[in-house]
Amino acid sequence: MQELTAGITKANTGLDGISWNILGQTYVPKSLNEQSFSWHATFPPGTFVPPHIHPTQDEFIYMLDGKFDLILEGKEFTATTGDLIRLPMNQAHGIFNKTDQTVKCFFWVSPTRRLYDLFWAIHSMKDQNPPDVVALSAKYEVMFLPPPPGA
């Protein structure tokens, strides 16, 4: 894992020019070291990350533009522009853009663990179908929860 270096990651660019397609969303990594990993995310209307758990990481989302509906430990919440979402490790959470507007936000996790590698693996999948993404994610320390009854 690389050491954190001083500097600026310019707007509209990512580390090493990387931009990932993750389940219809665009993730652009901004900073990476052993202690933390951050990325800019764009969620088109109707996209989401189903409920899951990070057993080894705290996760944060700063809302730059738009609105998310969230499920946090089984309870529903809404976050809008300027809000900070705090997602402690081992707590189930799901993130949904149910609006007709694009959501832009800034994510980071601490520590990094294997999330950067998971995003590469998902981005590289020929077909990002949910069962394969769920199985792959479990190998990288992200545990997706079964859908609720009737879903």
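Let us start with a term for burial: a residue is called buried when its relative accessible area is under 20%, exposed when the value is over 50%, and partly exposed in between, using a 1.4 Å probe and protein chains only. What you have in front of you is a predicted model, in which local features need pLDDT of at least 70 and side-chain atom pairs count only at pLDDT 80 or more, while totals for chains, interfaces and linings use all residues. Residues are numbered from 1 along each chain as its sequence is written, and side-chain values use heavy atoms, with hydrogens and water left out.

A good residue to meet early is E141, which sits in the loop between α2 and β11. Helices (H or I, at least four residues) and strands (E, at least two) are DSSP runs, numbered from the N terminus. With a relative accessibility of 15%, E141 counts as buried. Its backbone also deserves a look, since phi of E141 is near 70°, a positive value in a residue other than glycine. Most residues other than glycine have a negative phi, and most peptide bonds are trans.

E141 has a charged partner as well. A salt bridge here is a side-chain nitrogen of Lys or Arg within 4 Å of a carboxyl oxygen of Asp or Glu, and by this rule the count comes to one. That salt bridge joins E141 to R113, with the closest N and O atoms 2.5 Å apart. The pair links distant parts of the chain, 28 residues apart: R113 lies in the loop between β10 (103-110) and α1 (115-123), and E141 follows α2 (130-138) in the loop leading to β11. Unlike its buried partner E141, R113 counts as partly exposed at 42% relative accessibility.

The loop between β10 and α1 also holds P111. A cis peptide bond joins S110 to P111, with omega about -10°.

For another positive phi, turn to D16, where the angle is about 55° although the residue is not a glycine. D16 belongs to the segment before β1 (20-22), and its relative accessible area of 77% makes it exposed.

Finally, follow the open sheet of five strands, whose order is β7-β6-β9-β4-β11 with antiparallel pairing. β7 (75-80) and β11 (143-144) stand at the edges with a single partner strand each, so one side of each is left without a neighbour in the sheet. Two strands pair if DSSP finds at least two bridges between them. Within the sheet, β6 (residues 67-72) and β9 (residues 93-96) run antiparallel and are joined by four bridges. Look there for I71, which stands opposite G94 in β9.
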